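Visitor: Could you take me through the aromatic residues of this protein at close range, and then through what surrounds them? I would like one connected account.

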Amino acid sequence: MAEIKAYARPRQLYRYRSLVGKDPNKFRQELNAIIEAHVYCPSYDSMNDPMEGSHRESALLKESTKYDQTIQAVRDAIDTFGIASFSETMDHEPMWAHYADHFKGICIEYNVKRLLDHLDDEYEFVRMTYNERAPMLYRNSESAENRAKMILSCKSVRWASEREWRLIGPETGPARYEDARIVTSVFLGSRVSRGHERAIREELEPLRIPVRKMKVDTYSVAFEDAKKLTARKTPVKKVAKAKPGQ
């Protein structure tokens, strides 16, 4: 039987983050995630797309005597997983507007190979599939967990420009990798506040993580050249943990 294989994978992936929110600790949470070396994986219902978790069901599944049990098991699995969204690009203007607080936030660059090497086996990276119709659940022997991951790996084709990858974990919370070299740059939006910029530069400098600010030129964006810094080779020393958040 033929199989689907993915031989090509990105060298870097990017995570857009806002630095402000309803929680007054939002900025501290985002900066601590870099310093403490983890990616926070929230639940699927915190995602911005109201269509998240949508699916269709085959006629045979609907007629099955185990229909209610099957659908509930899938819903429970979806509710259990933690999900972190990444993109293949860091210069996507609509994403800076939507996910980085109108260019006031940041975009974090990760080395994909190192990240994969340092995450536990229970975490999976999936590349999003974009379609006109929601995924279909069939009456078969597929596990509830795999069905849930299939649903969470699909979005409407109208989101295709985001070129999204997802880190799916067994539960919500931090996915720890504990190696400073995994974050290879932090990009600042053109409207980032002076206070946030100053704190980010000061606190990431000891980790030798380049901080590069956005420059806007008419209809294009560019970033400062990265300084030639030597990455730390020792695990990151933990700091006092902030209240959990995205």
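Guide: Happily; we begin with the aromatic rings and then move outwards to charges over rings, empty spaces, a helix and a loop.

Please keep in mind that this is a predicted model. The count of aromatic pairs comes to 8. A good one to start with is the pair of Tyr 16 and Trp 96, which is edge-to-face, with 5.5 Å from centre to centre and 85 degrees between the planes. Tyr 16 belongs to strand 1 (residues 12-17) and Trp 96 to helix 4 (residues 93-99), so this pair ties together parts that lie 80 residues apart in sequence. Tyr 16 and Trp 96 are both buried.

Trp 96 also pairs with Phe 103, and here the rings are stacked, with centres 6.3 Å apart and 15 degrees between the planes. Why does Trp 96 count as buried? Its relative accessibility is 0%, and the cut-off for buried is under 20%. Phe 103 is buried as well, because its relative accessible area of 17% is under that 20% limit. If you widen the view, Trp 96 and Phe 103 turn out to belong to one aromatic cluster, together with Tyr 14, Tyr 16, Phe 187 and Phe 223.

Now for the charges that sit over rings. Arg 15 has its charged end over the ring of Phe 86, 5.7 Å from the ring centre. Elsewhere, Lys 155 lies over the face of Trp 159, at 4.1 Å from the centre of that ring.

Arg 15 leads us on to empty space. Searching the whole structure turns up 1 cavity of 30 Å³ or more, and the volume of the largest cavity is about 50 Å³. It is lined by 11 residues, of which Arg 15, Glu 30, Ala 33, Ile 108 and Tyr 110 are the closest to its centre. Two or more lining residues come from each of strand 1, helix 1 (26-35), strand 2 (38-41) and strand 5 (106-111). By class, this cavity lining holds 6 nonpolar, 2 polar and 3 charged residues.

Compare that with an open space, the second largest pocket, whose volume is about 490 Å³. Among its 13 lining residues, those closest to the centre are Ile 4, Lys 5, Ala 6, Phe 125 and Arg 127. Helix 5 (112-118) and strand 6 are the elements that contribute two or more residues to the lining, and strand 6 has the largest share, with 3 residues. The pocket lining divides into 10 nonpolar and 3 charged residues, with no polar ones.

Strand 6 appears again around helix 6 (residues 144-152). The buried residues of helix 6 are Ala 144, Arg 147, Ala 148, Lys 149, Ile 151 and Leu 152. What covers these buried residues includes strand 6 (124-127), along with helix 3 (67-80), strand 4 (82-87), strand 8 (136-137), strand 9 (154-156) and strand 10 (164-169).

Finally, a look at a loop. Pro 50 is found between strand 2 and strand 3 (56-57). Is Pro 50 buried or exposed? Its relative accessibility of 77% makes it exposed, since exposed begins over 50%. From the C-alpha atom of Pro 50 to that of Met 90, 40 residues away along the chain, the separation is 24 Å.

Conventions:
Residues numbered from 1 in each chain as written. Predicted model: local features only at pLDDT ≥ 70, side-chain atom pairs only at ≥ 80, totals over all residues. Heavy atoms only, no water. Buried < 20%, exposed > 50% of the residue type's maximum accessible area, 1.4 Å probe, protein only. Helix = DSSP H or I, 4+ residues; strand = E, 2+ residues; numbered from the N terminus. Contact = heavy atoms within 4.5 Å. Phe/Tyr/Trp six-rings, centres within 6.5 Å; stacked < 30°, edge-to-face > 60°. Lys NZ or Arg CZ within 6 Å of the ring centre and 35° of its normal. 1 Å grid on protein atoms, 1.4 Å probe; cavity = no way out; pocket = protein on both sides within 12 Å on 5 of 7 lines; lining within 4 Å. Points joined across faces, edges and corners; volume = space filled by probe spheres on them. Nonpolar A, V, L, I, M, F, W, Y, C, P; charged D, E, K, R; others polar.
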